[in-house]
Amino acid sequence: MARPEQPMDLGLTQAQAASRLVRDGPNSLPVSTGRSLLRIIFETMREPMFLLLIGAAALYLVLGSLGEGLFLMGGAIATIGLVVLQESRSERALSALRDLSQPRARVIRDGIERVVAARDLVSGDLVLIGEGERLPADGVLTSGDVLSVDESALTGESAPVSKRLLQPGEALDEAAAPGAEAGPNLFSGTLIMRGQAVARVTRTGPNTALGKIGMSLAAIVSEPTPLQKTAGRLVAWLGLFAIGFCVLVAVAYGLLRGDWIDGALAGITVAIALIPEEFPMVLAVFLALGSGRLAHQRVLVRRSAVIEALGGATVLCVDKTGTLTENRMQVARLWTDGEDLAITEATSPSGASAELLRLAGMASAARPVDPMDRAIRDLLGRQPSGRLPADAAPLRIWPLQPHRMAVVQTWAGKDNSPVAAAKGAPEAIFGLCHLDADRRESLTRTVEALADQGLRVLAVAFNNQSSPFPDDPDEADFTFAGLVGFLDPVRKDVPAALAQARSAGLTVVMITGDHPATALAIARSAGIDVAGGAMLGAELAALEPGALSEALKSVRVFARITPEQKLLLVEGFKAAGGVVAMTGDGVNDAPALETAHIGIAMGRNGTDVARESADLVLMDDSFASIVGGVALGRRIFDNLRRALIYVTAIHVPIAGLAILPITLGLPPLLYPMHVVFLELVIDPVCAMVFEAEPGAKSAMQRPPRPRHEPLFGPNQIAMALVQGLGVLAGVMGVYLWALDHVPEAEARGAAFLTLVVSNLTLALVDAASSGGKLISSHRRIYWIIASVAGGMLVLVLVLTVPGLSTLFKVSPPHPELLFAALVVALFCGAASGIVLRLWRWARPLHLPPVRPGLPTSPGRD
């Protein structure tokens, strides 16, 4: 596995890269253009609401009522327009998400390491690659380790293949294909499983092997969320019911009154009134705005369905590095037999400590990917003496191997004799030094003492006696130099975020591959419960199947965990009834991220495959962002539920006012244009008042909701019926009284005014019924003013503009009737909202305390 280090290359200049980017185009592949306009129109035409609108419009046009027909046709066009608008917004959002999700690349240009977007790579670029990263372009391996590469994305073969360095003078094989063993060629989209190296880009964009077969790594499939599917099914079933009821009403009207034309219009009006067409619209807007709110908190939503699940999460399984800690390793201790030196900004190692640091630098990569190599090189570079020459390169390198978890590098000494430096796991270094049992035991106690302080510990050794140095480092006799302790400090915002998570009934579990003592020290510092100690991966593997559930009740720290065991733990918490959120940043986290209810990837330091498997991406890799997302998820769920209750409540008087006049033998109160106006304009705008409602102060002081608690269930339907029946009674009362005293058009105008003002009042009272302040933010003030002013302005225009009043078959009520209608509207809307508040007061939310890792309601799975 040894190899010579290639001379350092300065890479392309920025000017060369810019010129080649113009010449060859961006390193990106064609993406799906989404649905065509004709397909969107065709799919929309299958919606029951659209069919009913077209039917009503056609009927009015046949009857010669051009204004009514054009209005309803406008409603149909508005329906299509809303779908097209939503589709275009979704496509723009997906396009932006593809840009954010595209792999970034570390390149060397002008001799300086830079981070650029993968689409800006050009042929000839030098790219730094490491474990867990997808190759952003085709290339050839020029320096670094021998790589193990998963090319299954191109070949379908699951076994990884090895990639060697391009030898000096070796010609590039332009016809090389993926799957070749031990070749130097690398291909876009394949995954580095082991090693770190430098590759020279040879082909980009459509010219890569991936581009030629038409694959798109950044493709994102947009699927309806469970909420949208549920709402779609509800609307579809109600649509079928409404069409059947439409036929029944039309036939009954025609038989009883002998007017089949008015019967058809009455039937269509009832059918339109019964379909909650606002549901999908409100759901889509709430989820889109919720995703935007999460984005402001540095949480990128890849699948909007998780917004509903996020607020109900009960278990947060988090990695230690990068989530709880800063993922910024720094050298904290240099331990030798004669000195234990704590490193600070002002520390300047000397003597044995300086030599230990120099040897550690000799065993580190020149352009390190590993954070501990970076920490060593950074500290070494800050020292006035002992640093390695900038152009120095090792003679040979032996990378990490499964049987030897240490890196060995040989350098030319003062008399050109080889000097070998080794750095790695203490157990591996002890083996290279052939230490006796007593010496191993003594050093092991030192390692454990450092680990108890939360340090990652590597051992360092050297050999300057072997000339020539053997091909196998295990055959050399190394001398133990000392121990290097690394600290990844806990993020400053983590303790407060963990305290908030505990108060919200969330169980936080640390799952790490690190040393158990290190894991416990970090957990204790962060505020995670360590009363149950740390369970090792070996102990987890030895558990009987039934014993796992018992262990999960008390253990909150799991150390030395393998990828398979991460998956096992996630499944265990799910089997116990928890709603599990899992964070991860590596390739080995992908199965657990896929299995968890909510997969959360690291956006800054996470691998591409982890981001592809996740539902959410933390753009700042911060645990506090997760807790903030949970709070926002609860807010979105509560507000969405209130909006759906409101929409349903308003449908009760709309449907009742369409049916009751027919059954009572009265002139129709609502025609299709009234219902379309209410459902496509007034109701959705009023529902948006709820979206801007701030979260309840107690949202993060209560346990998560039961896992299977529906967003809109029988309790919510009952609330909506109570409110809706109150508004229905008031509007119907105004209409009945007005019919006895004023002409039909004026009575209809008074009743329609009562209905619209009741809607507005009910929206405001409902929004304030959560216990929060009605005017709590500038955004909410905007929505309230826009809703009330917009609704009243349109209502005034309908009642006073001759053309519109004729279209809606209304006339403005005289002052006394206007005053009475406003009083009834305000009373009914306010009374219905007060009834809702009394309902909530009489039925408070009593949830049992959450047992960590268990469901919030017994018997739920």
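This is a short walk through one chain, from its overall make-up to two sheets, one helix and one serine.

Keep in mind that we are looking at a predicted model. The chain has 861 residues, and 52% of them count as buried. There are 29 helices and 24 strands. Take the contacts with a separation of 6 or more. Residues 24 or more positions apart account for 72% of those. On the outside, the chain exposes about 36,500 Å². Carbon and sulfur atoms supply 61% of that area.

Now the seven-stranded sheet. It is open, and its pairing is antiparallel. The order reads β13-β12-β18-β17-β16-β15-β14. Which strands stand at the edges? β13, residues 339-342, and β14, residues 396-398. Each has a single partner strand, so one side of each is left without a neighbour in the sheet. From one strand to the next, the twist averages 20 degrees.

Look at the β13 end. β12, residues 330-336, pairs with β13 over four bridges, in the antiparallel sense. Trp-335 stands opposite Asp-340 of β13.

Two helices belong in this picture. Helix α12, residues 351-362, lies across β12, β13, β15, β16, β17 and β18. Its direction runs at about 120 degrees to β12. Helix α15, residues 437-452, also packs on the sheet. α15 touches β12, β17 and β18, and makes about 15 degrees with the direction of β18.

Next, the eight-stranded sheet. This one is open too, but the pairing is mixed. The order is β10-β24-β23-β22-β11-β19-β21-β20. β10, residues 299-301, and β20, residues 534-536, stand at the edges. Again there is a single partner strand for each, so each has one side without a neighbour in the sheet. Ignoring direction, neighbouring strands here are turned by 20 degrees against each other on average.

At the β10 edge, the partner is β24, residues 616-618. The two run antiparallel and are joined by three bridges. Val-299 stands opposite Leu-618 in β24.

Which helix lies across this sheet? α23 lies across β10, β11, β19, β22, β23 and β24. It runs at about 160 degrees to β11.

α23 comes back when we turn to helix α16, residues 494-503. The buried residues of α16 are Val-494, Ala-497, Leu-498 and Ala-501. Why do they line one face? Seen down the axis of α16, they fall within an arc of 100 degrees, so they line one face of the helix. The general rule helps here: an α-helix has 3.6 residues a turn, so residues three or four places apart point the same way.

What covers that face? The cover of the buried residues includes α11 (320-324), β19 (507-511), α17 (516-526) and α23 (623-664). So β19 of the eight-stranded sheet and α23 are both part of the cover. Just after α16 comes Gly-505, with a positive phi of about 80 degrees.

Last stop: Ser-758. It sits in helix α26, residues 744-768. Buried or exposed? Ser-758 is buried, because its relative accessible area is 0%, and the cut-off for buried is under 20%. Leave out residues up to four places away in sequence. Then Ser-758 touches Val-727, Ala-825, Cys-828 and Gly-829. With Ala-825 there is a polar pairing as well. A polar atom of the Ser-758 side chain lies 3.4 Å from the backbone oxygen of Ala-825.

Key. Residues are numbered from 1 along each chain as its sequence is written. This is a predicted model: local features need pLDDT of at least 70, side-chain atom pairs count only at pLDDT 80 or more; totals for chains, interfaces and linings use all residues. Side-chain values use heavy atoms; hydrogens and water are left out. Buried means under 20% relative accessible area, exposed over 50%, partly exposed in between (1.4 Å probe, protein chains only). A polar contact is a pair of N or O atoms within 3.5 Å; within protein, one must be able to donate a hydrogen and the other to accept it, and residues adjacent in sequence count only if both atoms are side-chain atoms. Contact means heavy atoms within 4.5 Å. Accessible areas come from the Shrake-Rupley method with a 1.4 Å probe; for residues, only the protein chains shown count as cover. The arc is that of the directions from the helix axis to the C-beta atoms. Two strands pair if DSSP finds at least two bridges between them. Axes are lines fitted to C-alpha atoms, for helices over the stretch in contact, and angles run from 0 to 180 degrees between N-to-C directions.
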